[in-house]
Amino acid sequence: ITSVNYYNGSLITTHSYRNETEQGIIGEIHSYDLSSDTLNWKYETDNGSYLYTPIIIEEDIIYAGTTSGPSEFIAFGAMDGELIWKKPDLQAWSYTLEKEAIYINNGSSIVAISKQNGQQLWQTFIPGRGHGQSNIAYLDGYLYHSHSGAFFVFDADTGTILHQTVLPYGSNSRNVTASSGKVFVQSDFNLFCFKSWE
């Protein structure tokens, strides 16, 4: 089990592999009814594994992405497990939801897809930074992302990079949080605070 969520009387778990399979290749998502201790539904995929980012649940819809193998990003019903849409060939090392879009770090770029149907809205490659697994923060129409020691600001509607800077002291970056007009970036040894983009 790689993540656990409680939702409307059910326990929803993600798994990095199925029995008798190699870890990181085949994933599962299970929903258990806590009152009856029974399985509500199970989703299985051969398109990678749920190793990194936990699922996100919003308005009875589960959004989830895999990070190995062919990979996929999916939306399906939290109550019945019915698939709503699937976006194939998209790794999701981290992702966040806002308004009508899902913003995904696929390791080398930021990809925006529609929450309604999974169609790609835009993709912006991270210049010269290699592979990164850091999260994405959203605030007031802008995305904030720290990738392999550099800090980026994106226009959430178009994916345009509005600003980039290398973090001081040469340390790697880990997490980004944005709120109340400020953006916080955690590195190996420091916590940085930036003013939000205007």
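These are my notebook entries on a predicted model of one protein chain.

**Entry 1: the whole chain**

I began with secondary structure. The protein chain has 19 strands and 0 helices. Next I looked up its overall dimensions. Along the principal axes, the C-alpha atoms fill a box of roughly 50 × 35 × 30 Å. The radius of gyration is 17 Å, and a compact globule of 198 residues would have one near 16 Å, so the chain agrees with that expectation.

I then checked burial and surface. Of the 198 residues, 49% count as buried. The accessible surface comes to about 9,800 Å². Carbon and sulfur atoms hold 46% of that surface.

Contacts along the sequence came next. I took those with a separation of 6 or more, and 35% of them join residues 24 or more positions apart.

Last for this entry, charge. I find 21 negative side chains and 10 positive ones. The centres of the two sets lie 9 Å apart.

**Entry 2: Ser 134**

Where does Ser 134 lie? I find it in the loop between strand S12 (120–125) and strand S13 (136–139). Is Ser 134 buried or exposed? Its relative accessible area is 7%, and the cut-off for buried is under 20%, so Ser 134 is buried.

I followed its side chain. It reaches the backbone oxygen of Ser 146 at 3.2 Å. Ser 146 also appears in the contact list for Ser 134, which leaves out residues up to four places away in sequence. The others on that list are Ser 94, Asn 105, His 145, Arg 174, Asn 175 and Val 176.

**Entry 3: Thr 96**

I moved to strand S9 (residues 94–98), which holds Thr 96. Thr 96 counts as buried because its relative accessibility is 15%, and the limit is 20%. Which residues is Thr 96 in contact with, leaving aside neighbours within four places in sequence? I list Ile 56, Ala 101, Ile 102, Tyr 103 and Ile 136.

**Entry 4: Ser 114**

Ser 114 has its place in strand S11 (residues 109–114). With a relative accessible area of 12%, Ser 114 is buried. I checked its side chain for a polar partner. A polar contact of 3.3 Å joins it to the side chain of Asn 117.

Not counting residues up to four places away in sequence, Ser 114 touches Trp 85, Glu 100, Ile 102, Gln 119 and Leu 121. Ile 102 is also in contact with Thr 96. I took one distance towards Trp 197, which is 83 residues from Ser 114 along the chain. Their C-alpha atoms are separated by 24 Å.

**Entry 5: two loop residues with positive phi**

I turned to backbone angles. Most residues other than glycine have a negative phi. I noted two residues with a positive value.

Asp 89 has a positive phi of about 60° and is not a glycine. I place Asp 89 in the loop between strand S8 (83–88) and S9. Its relative accessible area is 63%, and the cut-off for exposed is over 50%, so Asp 89 is exposed.

Lys 99 is the other entry here. Its phi is near 50°, again positive in a residue other than glycine. Which loop holds Lys 99? I find it between S9 and strand S10 (101–105). Lys 99 is exposed, with a relative accessible area of 65%.

**Entry 6: looking back**

I set the places beside the burial values. Asp 89 lies in a loop and is exposed. Lys 99 lies in a loop and is exposed. Ser 134 lies in a loop too, but Ser 134 is buried.

Key: Residues are numbered from 1 along each chain as its sequence is written. This is a predicted model: local features need pLDDT of at least 70, side-chain atom pairs count only at pLDDT 80 or more; totals for chains, interfaces and linings use all residues. Side-chain values use heavy atoms; hydrogens and water are left out. Helices (H or I, at least four residues) and strands (E, at least two) are DSSP runs, numbered from the N terminus. Buried means under 20% relative accessible area, exposed over 50%, partly exposed in between (1.4 Å probe, protein chains only). A polar contact is a pair of N or O atoms within 3.5 Å; within protein, one must be able to donate a hydrogen and the other to accept it, and residues adjacent in sequence count only if both atoms are side-chain atoms. Contact means heavy atoms within 4.5 Å. The radius of gyration is taken over C-alpha atoms; the globule rule is 2.2 Å times the number of residues to the power 0.38. Accessible areas come from the Shrake-Rupley method with a 1.4 Å probe; for residues, only the protein chains shown count as cover. Lys and Arg count as positive and Asp and Glu as negative; His and the chain ends are not counted. The place of a charge is taken as NZ of Lys, CZ of Arg, CG of Asp or CD of Glu.
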